[in-house]
Amino acid sequence: MKYWGEYKIRIARTILGQESTIQNLSYYRNQLFYHIILYTLAFSPIAIIPGIIASYRTGFYNLLLLNILTLLVLVVLGFVKPIKIETRKLILIANLFIISWALLYNLKLEGPGLMYLFTVTIVTCLIYSGKIAYKLILINSFILVLLGLNIEYQWLQIPITNNQDTTTWFGIVVNLIFLSIIIVACFDIIFKKLEKIIIQQRQLNETINQDNQKMIDAQKVLKDKNEELNQFAHTISHDLKEPLRSMQAFAHLTISKYKESIPEKGQEFLTHIQTASERMALLLDSLLEYSQIGKGKEKSEFSVKEIVKELEKDLSQLIQENGAEIEHKNLPKIVGYEIEFKQLLQNLIANAIKFKREEENIEVKINAKEKDEHWEFLVSDNGIGIDPKHQEKIFTIFHRLHKNRFPGTGLGLANCKKIVEIHGGNIWVDSLPEEGSTFYFTISKNLKTAKNG
Ligand code: ADP
């Protein structure tokens, strides 16, 4: 086995050299040629040595010489380096061609000459080209027809045509030519189709590679942009707080110190400034919180059921005031960022209670399903629902639908989306106006290896 392996490597290096891995039709033809030489060289003694003995015994010394020459040619093709692969192929074809005719000439139709003649056209078609194979068939046909005519008209005395019958000769020859043409034509069609497939596959691979690269680049840009955005949101919310605080303080001071001297309208305006700055402070805090999601947090294993129970306590006042019923089942233990996960559920439950329909008792259901790669959670309510045209936008920062009816900052669902994303998941909603909403989100089961976005 070891010698066979070394032999294979040596022949491959001699014949194929440093062939590129670009796989086209000539790559496969070269591979075929390499394998033909590999096996013929290894097993040729089985055919050639008995051939040499038989030629010696029967006195066909020219065949004996040809057998030895063939062996030498095979050794040269397999082991001598500085010859181009196309030249090697031509040498093999020429050698086979000469052997065929020498066998035919010496051993007539009864010998293996015709079989060799047939083989040489097929080998040519396989390792070289269909066109050359057709040319070979033409040359062979021409010679065979001439020999056939020689049988009929006895122009020359040559051993191959001696004592032959013209009808038998043409019968055999026509069959041989016919079979050669059919086989070469079939191989040629297959090769052309194969070439087409190889080209298409290469183009497809190139497109896939380009698309993959584009996707990787886009993901990198997106990650950088997200990072930039987070940094920006953090700086803005942090830096704006200071002047905002001064604004609030001075508005307060002005009202308390100069209340008497400011007309009623002015006082009203100042109160507006105070309310607006309070809301701005709330927005800035929410933005700061948003920019900090997932930063430097540790993952751990925790029970979602326990988290929901804690939330029922934390939100007990809201739940009682609104007479909400919370039902949960199948809640698993998962690995994730516990504080963020709790915030995610809290936002969804609080929204389910907040966006209620006046006449309905609030029912909130929390459920989980195990999938192959992730957990799928749902939080559903029987509230006001969401028009399908807004269902994607509500997950973006500051996007709110019922500004005048319900209080809020428009950051709750954006937070949820970011939290789900750091858990390697997705979030979406299924809802119709006035028919309640079901928020779904997934949490990857492979968080130990998932990247913290
Ligand atoms: P906020 O609650 O502060 O307005 P959110 O980001 O939490 O902001 O939600 C964005 C918008 O999505 C809300 O303004 C509301 O219109 C809609 N929404 C969120 N949850 C629900 C829900 N459970 N039912 C109906 N509408 C909802």
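In the predicted model, Gln 154 is placed in the loop between H6 and H7. Although Gln 154 is not a glycine, its phi is positive, at about 50°. Most residues other than glycine have a negative phi. Gln 154 is exposed, because 10 other C-beta atoms lie within 10 Å and a residue with 12 or fewer counts as exposed. A positive phi, of about 60°, also occurs at Lys 108, again not a glycine, and this residue belongs to the loop between helix H4 (85-107) and H5. With 16 other C-beta atoms within 10 Å, Lys 108 is partly exposed.

The two helices that flank the loop of Gln 154 also pack against each other: the axes of H6 and helix H7 (residues 166-258) come within 10 Å and cross at roughly 175°. Since angles over 145 degrees count as roughly antiparallel, H6 and H7 are therefore roughly antiparallel to each other. On the side of H6, the contact is made by Gly 130, Ala 133, Tyr 134, Ile 137, Ser 141, Leu 144, Gly 148, Ile 151 and Glu 152, while H7 contributes residues including Trp 169, Phe 170, Val 173, Ile 177, Phe 187, Asp 188 and Phe 191. Divided by class, the residues in the contact of H6 with H7 are 13 nonpolar, five polar and two charged.

H6, which spans residues 130-153, also packs with helix H5 (residues 113-127), at an angle of about 160° and with the two axes 7 Å apart. This angle makes H5 roughly antiparallel to H6. Leu 117, Val 120, Thr 121, Thr 124 and Cys 125 form the H5 side of the contact, and they meet Gly 130, Ile 132, Ala 133, Leu 136, Ile 137 and Asn 140 of H6. Seven nonpolar and four polar residues make up the contact of H5 with H6, and no charged residue takes part. Gly 130, Ala 133 and Ile 137 of H6 are listed in the contact with H5 and also in the contact with H7.

At the level of the whole chain, the secondary structure comes to 12 helices and seven strands. The radius of gyration of the chain is 43 Å, whereas a compact globule of 453 residues would have one near 22 Å. Taken along the principal axes, the C-alpha atoms fill a box of roughly 140 × 45 × 45 Å. Of the 453 residues in the chain, 23% are buried. When contacts between residues at least 6 apart in sequence are considered, 65% of them join residues at least 24 apart.

Separation along the chain can also be considered for a single pair, Arg 13 and Gly 78, which are 65 residues apart in sequence and have C-alpha atoms separated by 9.4 Å. Arg 13 lies in helix H1 (residues 2-16), and it is exposed, with 11 other C-beta atoms within 10 Å.

Around the ligand there are 22 residues, of which Phe 355, Leu 401, Gly 408, Gly 412 and Leu 413 come nearest. Helix H11 (338-354) and helix H12 (412-422) are the elements that give two or more residues to this shell. The shell is composed of nine nonpolar, 11 polar and two charged residues.

Note on methods:
Residues are numbered from 1 along each chain as its sequence is written. This is a predicted model: local features need pLDDT of at least 70, side-chain atom pairs count only at pLDDT 80 or more; totals for chains, interfaces and linings use all residues. A residue is near a molecule or strand if its C-beta atom, placed from the backbone, lies within 6 Å of it. Helices (H or I, at least four residues) and strands (E, at least two) are DSSP runs, numbered from the N terminus. Ala, Val, Leu, Ile, Met, Phe, Trp, Tyr, Cys and Pro count as nonpolar, Asp, Glu, Lys and Arg as charged, and the others, Gly among them, as polar. Axes are lines fitted to C-alpha atoms, for helices over the stretch in contact, and angles run from 0 to 180 degrees between N-to-C directions. Angles under 35 degrees count as roughly parallel, over 145 as roughly antiparallel, 65 to 115 as roughly perpendicular and the rest as oblique. Two residues are in contact if their C-beta atoms, placed from the backbone, lie within 7 Å. The radius of gyration is taken over C-alpha atoms; the globule rule is 2.2 Å times the number of residues to the power 0.38. A residue is buried if 20 or more other C-beta atoms lie within 10 Å of its own, exposed if 12 or fewer, and partly exposed in between; C-beta atoms are placed from the backbone.
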